[in-house]
Amino acid sequence: MARLEQEIVTAPNPAEAGDVRLLVPQEDVADPELSIVIPALNEELTVGEFVDWCKQGLEQAGIAGEILIVDSSGDRTAEIALARGARVLKTPKRGLGRAYIDALPFVRGRYIVMGDADCTYDFRLLTPFVERFHDGYEFVMGSRWRGTIEPGSMPVLHRYLGTPVTTWILNRVFGSRFSDIHCGMRGITRDALERMDLHSESWEYASEMTLKSVQMELRTTEVPVRFLKDREGRLSHHRRSGWLSPWQAAWINLRAMFVYGSGFFVFKPGLVLMILGGLLTVPLSFGNIQLGSVGLSLNWQFLGVALLASGAQAFFLGCIAQVLFDYTGRQRRRWLRIFPYTRTVLIAFALLVAGIALAVPLVATYIGNGLALEQADALPNHLAVTGGALAILGVQLFVFTLLLHGAVVATTQRRPAAPGGR
């Protein structure tokens, strides 16, 4: 007979507190060091054996642990898990990522191992995770590629295209060295998970977690895991949802990469565009240039201004994105050192004034010619275009300075500091 424990901590959103309740088995672990946190949706076929696997894994690893099943099923999953000795957190069906968000206030262990209740990941092999935690690692990724993949356990599309490609993209963007970013079996310290502040409520939680582990500079390692095929009679969640489900999961995971990696996708391209724009704009300030058989005229200078302006905007937005996703404080300190408020505002004002000054000869010539411009390659025209570029940069720099310092204030106030000032 299970008993219902009174919730001391409820859902993260107080408005939804009544939707979450914790069921505790009679034989409960008093002071767990490790929490196995598992979302489950209609897994009555496998959840009993899965809980048994977890107990075997905990015993072999020599660690006291709890099993917390986050259940939103309509079948007997909760009843079976509770009878086998697992805690059950009953929640509405709100998404895979949301299950971990709901579970965090109820997690008692110092370390957390995540996964699935379908017996596709072998939770009897918990020892490598525990050993890495005890070695001081904060994020322990499982890797099916470094472990074993049972024949028939993974769709061909996932094994040879989806996972390798998205893993390669993430490693290129963030300079990481993961071999399997979509492995569902992974471990993290409770402290790191709290600081990570997950927001994803669906499949993309896995990418958000992996990306933030890099941004937070968590001490990270990989361990091999065993991946098994679905039990006879069980359909995976993707198959239950239809043929489009894997593609939707892939897209939202890529979307998470682009959102949390926005600094990479705008910062470096913006810097390149700025350099190209400057190389076209500045040399043409004093007239047309002939480079062999190629002639660079005022039209090329206009192109340079466009590249310079768009590149500067992307570069400035990339700086702000780095601040927004800065969990170490390093990027905030870096950009505040490079763009201190008073000095940067004065530079922005100087650029605006210089731009206007360079446009004065063109205005004077225009008025002197009876409100008509001279020929296109005249020196005042080129100077005025450069002046326009400087004025645009001045305005962009001023706006960026305001947003940068505002972003620093906002993120510093709401983001918890890493232990030891890291």
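Among contacts in this chain between residues at least 6 apart in sequence, 78% join residues at least 24 apart; contact here means heavy atoms within 4.5 Å. What you see is a predicted model, where local features need pLDDT of at least 70, side-chain atom pairs count only at pLDDT 80 or more, and totals for chains, interfaces and linings use all residues. Residues are numbered from 1 along each chain as its sequence is written, and side-chain values use heavy atoms, with hydrogens and water left out.

The overall picture, then. The chain has 14 helices and 11 strands. These are DSSP runs numbered from the N terminus, H or I of at least four residues for helices and E of at least two for strands. Of the 422 residues in the chain, 48% are buried. Buried means under 20% relative accessible area, exposed means over 50%, and partly exposed is in between, with a 1.4 Å probe and protein chains only.

Now helix 4. Which residues of helix 4, residues 127-134, are buried? They are Phe129, Val130 and Phe133. Looking down the axis of helix 4, these buried residues fall within an arc of 95 degrees, so they line one face of the helix. The arc is taken from the directions from the helix axis to the C-beta atoms. As background, an α-helix has 3.6 residues a turn, so residues three or four places apart point the same way. The partners of the buried residues of helix 4 are strand 3 (34-40), helix 1 (47-61), strand 6 (111-114), strand 7 (139-149), strand 8 (186-189) and strand 9 (220-227). Just after helix 4 comes Gly136, with a positive phi of about 105 degrees.

On the subject of phi: most residues other than glycine have a negative phi, and most peptide bonds are trans. Cys119 has a positive phi, near 65 degrees. Cys119 sits in the loop between strand 6 and helix 4, and with a relative accessible area of 1% it is buried. Asn42 also has a positive phi, near 55 degrees. Asn42 is in the loop between strand 3 and helix 1. Is Asn42 buried or partly exposed? Its relative accessible area is 34%, so Asn42 is partly exposed.

Next, the aromatic rings. How many aromatic pairs does a search of the whole structure find? The search finds 12. Rings of Phe, Tyr and Trp (its six-membered ring) pair if their centres lie within 6.5 Å; planes under 30 degrees apart count as stacked, over 60 as edge-to-face and the rest as tilted. In one pair, the rings of Phe50 and Phe123 have centres 5.0 Å apart and planes at 70 degrees, so the pair is edge-to-face. Phe50 belongs to helix 1 and Phe123 to the loop between strand 6 and helix 4, so to speak distant parts of the chain, 73 residues apart. Both rings' residues, Phe50 and Phe123, are buried. Ring pairs also link Phe267, Phe315, Phe316, Trp335, Phe339 and Phe400 into a cluster.

On to empty space. On a 1 Å grid over the protein atoms alone, a cavity is a set of points where a 1.4 Å probe fits but cannot get out, and a pocket is an open set with protein on both sides within 12 Å along at least five of seven lines; lining residues have an atom within 4 Å of a point. Grid points are joined across faces, edges and corners, and a volume is the space filled by probe spheres set on the points.

The second largest pocket holds about 450 Å³ of space. Of the 20 residues lining this pocket, Phe174, Gln215, Phe264, Gln322 and Gln331 lie nearest its centre. Two or more lining residues come from each of helix 5 (156-174), helix 7 (205-215), helix 10 (262-281), helix 11 (298-324) and helix 12 (330-338). Helix 10 gives the most, with four residues. The lining divides into eight nonpolar, seven polar and five charged residues. For that count, Ala, Val, Leu, Ile, Met, Phe, Trp, Tyr, Cys and Pro are nonpolar, Asp, Glu, Lys and Arg are charged, and the others, Gly among them, are polar.

A search of the whole structure finds one cavity of 30 Å³ or more. Among the residues lining the largest cavity are Val37, Tyr100 and Leu193. Its lining has eight nonpolar residues, no polar and no charged.

Last, helix 7. In helix 7, 10 of its 11 residues are buried, including Tyr205 and Gln215. Glu217 follows helix 7 and has a positive phi, near 55 degrees.
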